[in-house]
Amino acid sequence: MKILVAVKRVIDPYAKVGPLADGSGIDTTNVKFDVNPFDEIAIEEAVRQKEKDPSIEIVAVTIGGSECTEQLQKALAMGADRAILVETDQAYDPSSLSKELEAVVRSESPDVILMGKQATDGDNNQVGQMLAARLGWPQATFACNVQFSGGKATVSRETDTGEETLELPLPAVITTDLRLNEPRYIGIAGIVKARSKPIDRRAPVTPGGTRVRSVKVESVPARAAGKKVASVEELMNELSSRGVGA
Amino acid sequence: MSRLLLVAFDPTDALGGAGFAGALGLPFDVLLLTGQAAPGIGAEKVLATGWTELPPSDAIASAVAGLAGGYSHLASVSAMRSKDALARLAGHLDAPMVTDVIAAEGPSQFKRPIVAGSLIETVAVDGNPIVLTFRPSGFSKPAPGAEVAADNLNLPGTSAVTRVSVSSRGGARPDLTQAKVIISGGRPLKDADTFERVIGGFADAVGGAAGATRAAVDSGIAPNELQVGQTGKIVAPDLYIAAGVSGSTQHMAGIKDSKIIVAINTDPDAPIFEIADLGLVADLYQALPELQEKLKK
Ligand SMILES: Cc1cc2nc3c(=O)[nH]c(=O)nc-3n(C[C@H](O)[C@H](O)[C@H](O)COP(=O)(O)OP(=O)(O)OC[C@H]3O[C@@H](n4cnc5c(N)ncnc54)[C@H](O)[C@@H]3O)c2cc1C
Ligand SMILES: Nc1ncnc2c1ncn2[C@@H]1O[C@H](COP(=O)(O)O)[C@@H](O)[C@H]1O
């Protein structure tokens with residue numbers, strides 16, 4: 001079985017970021033980048049599946065600039081077997097990303113695509129579902145448990161009100177949610193081993209481009225400064241004066 | 001032709017769409033994925049799939065794609081179920097999509113939060129149709145008129161996927177996204193029993209919903225569907241009480257639209273106090289029972 005894991009390089013999710021002065025984008029001066037946390041969960045899941053079934057091959061793929069090799073290195077260090085960088089300086093939106101990923105899928109023919117439910121920079125939550133639709137494959141988004149057997153995936157997924165379990169014929173697209181697993185810590189051994197694993201650099205085969213264009217990025221209007229109260233009694237008085245619980 | 005199809009997963013969903021349709025300034029129809037009648041929100045047509053329960057999202061996406069012909073915009077209230085199905089729909093239609101719209105500047109320019117709600121991006125969209133999910137709290141909520149019976153389309157709902165089981169928790173408490181009062185707890189709630197007793201008990205006493213941080217969900221203190229924040233639910237109650245919540249960017253992303261935020265935390269320097277309207281430096285185990293008594297009255 002072959003698992004393709006889609007990985008995005010994103011702004012460190014714990015960094016505080018602001019807009020560029022002219023509003024043309026996000027100011028990333030001195031900001032670190034990392035693997036999108038949900039994609040890290042996807043890699044971890046693939047590696048755990050491979051630990052159960054060593055015949056599994058794990059291929060990590062990123063679409064982006066040459067700096068993204070850093071994130072692919074991390075995927076390899078976690079346990080992916082090889083990586084593909086679709087190297088481009090073009091801008092993409094989720095729709096054009098799904099087309100480029102579709103091309104990678106057509107050339108790799110994986111049985112399963114594991115990816116994050118959302119990238120924590122754009123918070124779009126679109127690429128996995130769009131890719132599944134383009135391929136005509138079944139999808140299970142927001143996965144919190146994944147099992148493979150007999151050409152099928154059994155996936156428990158988070159819903160708005162609880163959980164449901166789906167059975168999907170393979171090939172299928174699965175997107176990860178937070179509770180699926182806790183990604184491992186990467187040791188030196190993994191990092192050293194990753195160096196000998198191949199990263200295949202390819203040119204994009206689709207035109208890319210964005211139909212959802214960024215016009216402006218701005219800060220969120222701050223909430224008015226709050227007030228500290230000294231007791232529950234004072235809290236109640238303040239709430240009553242604002243029309244609550246009176 | 002410019003026309004909006006509001007895809008309502010259930011009839012209450014339609015209610016949240018009235019203000020959004022108004023902001024777009026387009027004539028609109030409602031498609032009820034479940035239910036037979038919609039609240040009167042000014043739709044020209046009310047259609048229904050005829051489904052008694054929601055099929056998996058591949059079935060929803062292909063059914064809606066079959067109706068998409070006459071529409072320039074297809075939109076739903078933001079939720080996990082709508083993101084699941086509408087992004088697949090956008091893939092089917094090769095349509096551009098905008099998630100979590102909080103404001104519309106005309107029919108093809110929208111505002112949405114990015115990077116855990118710490119920034120707002122304005123996007124311009126080229127394409128027809130455009131697929132959208134929107135957060136109702138950003139739009140006005142007109143009082144609904146008389147219910148309108150739907151025209152049943154008897155759409156197929158066949159899926160490649162088999163649903164093996166469904167579990168729903170939460171019981172009788174109001175839904176987080178609808179609740180007027182929310183009490184949320186974080187890591188210091190220790191375990192599931194304590195969370196249910198302290199936070200759940202508070203919620204029941206004041207007729208509110210219970211919420212949680214990711215730290216609480218990750219450590220098994222609270223069920224996943226109670227997670228509030230960037231990667232959980234986005235809430236907009238009249239009163240949000242955060243007890244033992246540090247106030248991470250990711251958590252704040254989910255609560256910014258609350259009218260009043262109250263924070264109870266033992267650490268006077270906790271970041272939650274920077275956005276709370278009212279902050280009380282106290283042990284939640286002492287403060288909450290007292291507050292619960294007083295709010296109950
Ligand atoms: C990709 C990503 C997505 C995330 N998405 C979300 C999300 O959607 N929602 C979310 O919440 N988090 C999210 N997080 C996690 C987030 O970064 C924080 O780790 C989390 O919100 C912290 O939860 P907490 O406040 O319960 O725990 P802590 O940060 O540990 O805070 C506990 C607080 O309780 C206080 N306290 C301790 N004892 C008491 C007491 N007896 N009485 C009163 N106060 C007390 C402490 O002073 C402290 O401030 C995400 C993180 C990542 C990386
Ligand atoms: N540039 C990219 N390269 C590879 N995968 C990506 C890229 N952008 C997004 N993805 C994948 O799509 C998922 C959802 O992203 P999004 O729809 O943008 O929130 C991510 O978690 C990744 O798995």
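Between chain A and chain B, 72 residues of the former are in contact with 78 residues of the latter, contact meaning heavy atoms within 4.5 Å. This is a predicted model, in which local features need pLDDT of at least 70 and side-chain atom pairs count only at pLDDT 80 or more, while totals for chains, interfaces and linings use all residues. Residues are numbered from 1 along each chain as its sequence is written, chains are lettered from A in the order in which they are written, and side-chain values use heavy atoms, with hydrogens and water left out.

The two chains bury about 6,500 Å² between them, 53% of it on carbon and sulfur atoms; buried area is the accessible area (1.4 Å probe) lost on putting two parts together, summed over both. On the side of chain A, the greatest losses to chain B fall on Asp160(A), Arg211(A) and Arg223(A), together 12% of what that side buries.

Turning to charges, eight salt bridges are counted between chain A and chain B, each a side-chain nitrogen of Lys or Arg within 4 Å of a carboxyl oxygen of Asp or Glu. One of them joins Glu218(A) to Lys111(B), with the closest N and O atoms 2.8 Å apart.

Inside the protein, the largest nonpolar core has 52 residues; such a core is a set of buried Ala, Val, Leu, Ile, Met, Phe, Trp, Tyr and Cys residues joined through side-chain atoms within 4.5 Å, where buried means under 20% relative accessible area (1.4 Å probe, protein chains only). Ile241(B) and Leu288(B) touch the most other members. Beyond four places away in sequence, the neighbours that Ile241(B) touches include Phe202(B), Val262(B) and Leu288(B).

Methods
Buried < 20%, exposed > 50% of the residue type's maximum accessible area, 1.4 Å probe, protein only.
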